[in-house]
Amino acid sequence: MAPGGMVHATDDVTGRDAMKRVLIVEDEIEIARVLRDYLVAAGFSASIVGDAAAALIAVRNSAPDLVLLDLGLPGRDGLDLLRDLRRAATTPVIIVTARGEETDRIVGLELGADDYVTKPFSPKEVVARVRAVLRRGEARDAEETIRIADVEIDLPRMRVTVGARSVDLTPTEFQLLAALAREPGRVFTRAQLLDTLHGVAFESYERAIDAHIKNIRRKLEPTPGAPRYIQTVYGVGYRFTDA
Ligand code: CA
């Protein structure tokens, strides 16, 4: 399955301009409604669920293009739900946290969230993040395949294989890997890698890069503890092997 979500027959027919569907998981209905209104005004379709159980059902039944996930939910919390979502699908997820909950943000990113926003947020900012994450999930370079050692990265299809084994990456992980592998041997700083993800620097958050790299290694590397492909350049950043 391509990162970025399930295949929708209708999307295939109508192309990339098909209305993208966002699932808002938020128990505070006022906040949820504001988000929904902004998303709809921006040309998305948006629906709201208030807890983890309803969110799982909605993801299974309606296969949204993106999930906006408040971590502070009644009952099972958002991080638990994120774990389940990641098991079930590669749908992009943006987590919503309260200010000061840095640990939750890190854990969320380590669990494979694509981005985060902090409450209180500006709805416009949330819409911009949703756009950015969805853009990352779209295939951009129409015919390119990168092959280095036994790693093959099919850019338009967003497929990664190592030897015969296919590797499931989230859209963010895929973009990071593609950025590194496009220029094997080049050292990227964390800030540069952040730039490849967001296009614009909104908030320097370099530890997020470390979390994503850790996830990519776990999925890609034969021995994640002794990475062969994505090398750490101490004090600087990362590079994809050129050997
Ligand atoms: Ca909440």
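Buried means under 20% relative accessible area, exposed means over 50%, and partly exposed lies in between (1.4 Å probe, protein chains only). Helices (H or I, at least four residues) and strands (E, at least two) are DSSP runs, numbered from the N terminus.

The model is predicted: local features need pLDDT of at least 70, side-chain atom pairs count only at pLDDT 80 or more, and totals for chains, interfaces and linings use all residues. Residues are numbered from 1 along each chain as its sequence is written, and side-chain values use heavy atoms, with hydrogens and water left out.

**Exercise 1. Survey the chain.**
Task: State how many helices and strands the chain has, and what share of its residues is buried.

Solution.
- Start with the elements. The chain holds nine helices and twelve strands.
- Turn to burial. Of the 243 residues, 48% count as buried.
- Add the contacts (heavy atoms within 4.5 Å). Among contacts with a separation of 6 or more, 59% are between residues 24 or more positions apart.

**Exercise 2. Order the open sheet.**
Task: Give the strand order of the five-stranded sheet and identify its edge strands.

Solution.
- Two strands pair if DSSP finds at least two bridges between them. In general, strands of a sheet pair through backbone hydrogen bonds, either parallel or antiparallel.
- Read the order: β2-β1-β3-β4-β5, an open sheet with parallel pairing.
- Find the edges. β2 (45–49) and β5 (115–119) each pair on one side only.
- Note the twist. From one strand to the next it averages 20°.
- Check two pairings. β3 (residues 66–70) and β4 (residues 93–98) are parallel over four bridges, with V93 in β4 as the bridge partner of V67. β4 and β5 are parallel over five bridges, and I95 stands opposite Y116 in β5.

**Exercise 3. Place two helices on the sheet.**
Task: For α2 and α5, name the strands involved and the angle given.

Solution.
- Angles run from 0 to 180 degrees between N-to-C directions; axes are lines fitted to C-alpha atoms, for helices over the stretch in contact.
- Take α2 (residues 29–41). This helix packs on the sheet and touches β1 (21–25), β2, β3 and β5. Its direction makes about 170° with that of β2.
- Take α5 (residues 102–110). This helix lies across β4 and β5 and runs at about 170° to β4.

**Exercise 4. Explain the burial of β5.**
Task: Which residues of β5 lie on each side, and why is the strand called largely enclosed?

Solution.
- Recall the rule. In a regular strand the side chains alternate between the two faces of the sheet.
- Assign the sides. D115, V117 and K119 are on one, Y116 and T118 on the other.
- Check burial. All of these residues are buried, and both faces of β5 are covered.
- Conclude. Five of the five residues of β5 are buried, so the strand is largely enclosed by the rest of the structure.

**Exercise 5. Describe the calcium site.**
Task: Which residues coordinate the calcium ion, and how are they spaced?

Solution.
- Donors are N, O and S atoms within 2.8 Å of the metal (3.2 Å for Na, K and Ca); water is not among the atoms, so sites may look incomplete.
- List the donors: D27 (OD), D70 (OD) and G72 (O), at 2.2 to 2.4 Å.
- Write the spacing along the chain: D-x42-D-x1-G.
- Compare accessibility. D70 is buried at 4%, whereas G72 is partly exposed at 47%.

**Exercise 6. Dissect the largest nonpolar core.**
Task: Which members touch the most others, and which helix contributes most?

Solution.
- A nonpolar core is a set of buried Ala, Val, Leu, Ile, Met, Phe, Trp, Tyr and Cys residues joined through side-chain atoms within 4.5 Å.
- Pick the hubs. Of 28 residues, I153, V160, L177, L220, I230 and F240 touch the most other members.
- Find the contributor. α7 gives the most to this core, with six residues.
- Look at one hub. Not counting residues up to four places away in sequence, I230 touches residues including L177, I213, L220 and F240.

**Exercise 7. Inspect the unusual backbone.**
Task: Locate the cis peptide bond and two non-glycine residues with positive phi.

Solution.
- The cis bond joins K119 and P120, with omega about -5°. P120 is in the loop between β5 and α6 (123–137).
- A63 has phi near 45° and sits in the loop between α3 (52–62) and β3. A63 is buried at 11%.
- A149 has phi of about 50° and sits in the loop between β6 and β7. A149 is exposed at 52%.
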